[in-house]
Amino acid sequence: MPEGDTVWRTARRLHEALAGKVLTRSDFRMPKYATVDLTGRAVLDTVSRGKHLLTRFEGGLTLHSHLLMEGAWKVYGAGERWKGGPAHQIRAVLGTDGRAAVGYRLQVLELLRTTEEERAVAHLGPDLLGPDWDPGLALANLLADPGRRLGEALLDQRNLAGIGNIYKSELCFLLGVTPWLPVGALPADRAAKLPLLARKLLEANRDRVVRRTTGLRGQDLFVYGRAPRPCLRCGTSVRVADQGDGFQERPTYWCPTCQSGPPPYQPRVTTWASTIAAPPGTGKRETARAAVNTRARRRPRPRLSGASRRSPGRGLTTYASVHARVRQVTRRPRPPLRLRAP
């Protein structure tokens, strides 16, 4: 999902292309707005609010859009080929005499009155790149639920608007804690600098296409997307695990040496390899044995002959032996077709 700096850059690009110009083309390819025509209206401006985009038109109308995971607004010149995706993925087209803004894969797209904009964005916390930025309020929102995991709290746009999965992992690394640490367990000095650090990262990257948090040439990010490569600070292999954001699980990266705090939840042992390594008396052997036996009962083994069931010298079923048996069975001659007399 595009993060706050990407959405801010998109808003600036739309504003530069459309603001102050009159629309000569208006095309909404959604059933709800199929008959809406904004042709002849002037575009006033386009602003970002967290990860939301608001394009305002004269006459008191605002187009609210959200890119979600795969959405994008592309701006093209007159006669330029549209290359943002197949035509069936286009959801909106706003055109002037020399430019065209094309919205691809926009799952959130609504036309509302400008006086009702707050209905779409009132739930958002302070915008990291907006004029309403308030670090004190952002910190208070984060600390309101001290038992919540830090990574989940950072992704909640009601606390502070603009942080996505990449900045979540990078912020936790720079703070030296894992994303699974409860917010209330974050040391006071680190908690105080969290909102300021988050704004600093987004401000530094809002004008860049390639996002950087390290300040190192050739190494853009500290942990995000680096598993299992070594940490840039200590050399330990960066790890990755899933963490929810209230809607879906997202890959989360961290360094187990540089970041203190609880690791992600580990699922129950269900493999024989980990069962053998488990010490006696812990109950893991019995749990794993029962789980494996249950799966074995659910998936009956194929009945094969002794020659094809065992591989030479090892006595184990192999893919080659099973495949050979299948070919042998499928190549048997079929009985001749007998037709009955009419």
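In the predicted model, P228 is located in the loop that connects α6 and β9. The peptide bond leading into this residue, from A227 to P228, is cis, and its omega is near 0°.

Two further loops contain backbone conformations of note. L68 is placed in the loop between β4 (61–66) and β5, and its phi is near 50°, a positive value in a residue other than glycine. With a relative accessibility of 24%, L68 counts as partly exposed, given that the partly exposed class lies between the 20% and 50% cut-offs. R105 occurs in the loop between β7 and β8 (108–113). Although R105 is not a glycine, its phi is positive, at about 50°. The relative accessibility of R105 is 21%, so R105 also falls in the partly exposed class. A positive phi, of about 80°, is found in G176 as well, just after α5.

An open sheet is formed by 4 strands, in the order β1-β6-β7-β5, with antiparallel pairing. The edges are occupied by β1 (25–28) and β5 (72–77); each has a single partner strand, and therefore one side of each is left without a neighbour in the sheet. From one strand to the next, the twist averages 15°. The partner of β1 is strand β6 (residues 90–95), to which β1 is joined by 4 bridges, the two strands running antiparallel. Within this pairing, S26 has L94 in β6 as its bridge partner.

Helix α1 (residues 4–18) lies across three strands of this sheet, namely β5, β6 and β7 (99–104), and runs at about 35° to β5. One of the residues of α1 is T10. The relative accessible area of T10 is 5%, so T10 is classed as buried, the cut-off being under 20%. When neighbours within four places in sequence are left aside, the contacts of T10 are with L53, L67 and W73.

Helix α5 (residues 165–175) is mostly covered, with 10 of its 11 residues buried. These buried residues are N165, I166, Y167, K168, S169, E170, L171, C172, F173 and L175. They pack against helices α1, α4 (150–155) and α6, and against strands β9 (239–244) and β10 (249–254).

The packing of α5 with helix α6 (residues 188–205) was examined further. The two helices pack at an angle of about 130°, and their axes are 10 Å apart. Helices α5 and α6 are therefore oblique to each other, since an angle over 145 degrees would be needed for the roughly antiparallel class and one of 65 to 115 for the roughly perpendicular class. The crossing in which α5 passes α6 is right-handed. On the α5 side, the contact is made by Y167, L171, L174 and L175; on the α6 side, the residues are R190, K193, L194, L197, A198, L201, L202 and N205. By class, this contact has 9 nonpolar, 1 polar and 2 charged residues. An α-helix has 3.6 residues a turn, so residues three or four places apart point the same way. Among the contact residues of α5, Y167, L171 and L175 are also in the buried set of that helix.

Technical notes: Residues are numbered from 1 along each chain as its sequence is written. This is a predicted model: local features need pLDDT of at least 70, side-chain atom pairs count only at pLDDT 80 or more; totals for chains, interfaces and linings use all residues. Side-chain values use heavy atoms; hydrogens and water are left out. Two strands pair if DSSP finds at least two bridges between them. Axes are lines fitted to C-alpha atoms, for helices over the stretch in contact, and angles run from 0 to 180 degrees between N-to-C directions. Contact means heavy atoms within 4.5 Å. Buried means under 20% relative accessible area, exposed over 50%, partly exposed in between (1.4 Å probe, protein chains only). Angles under 35 degrees count as roughly parallel, over 145 as roughly antiparallel, 65 to 115 as roughly perpendicular and the rest as oblique. A crossing is left-handed if the near helix is turned anticlockwise from the far one by less than a right angle, and right-handed if clockwise. Ala, Val, Leu, Ile, Met, Phe, Trp, Tyr, Cys and Pro count as nonpolar, Asp, Glu, Lys and Arg as charged, and the others, Gly among them, as polar.
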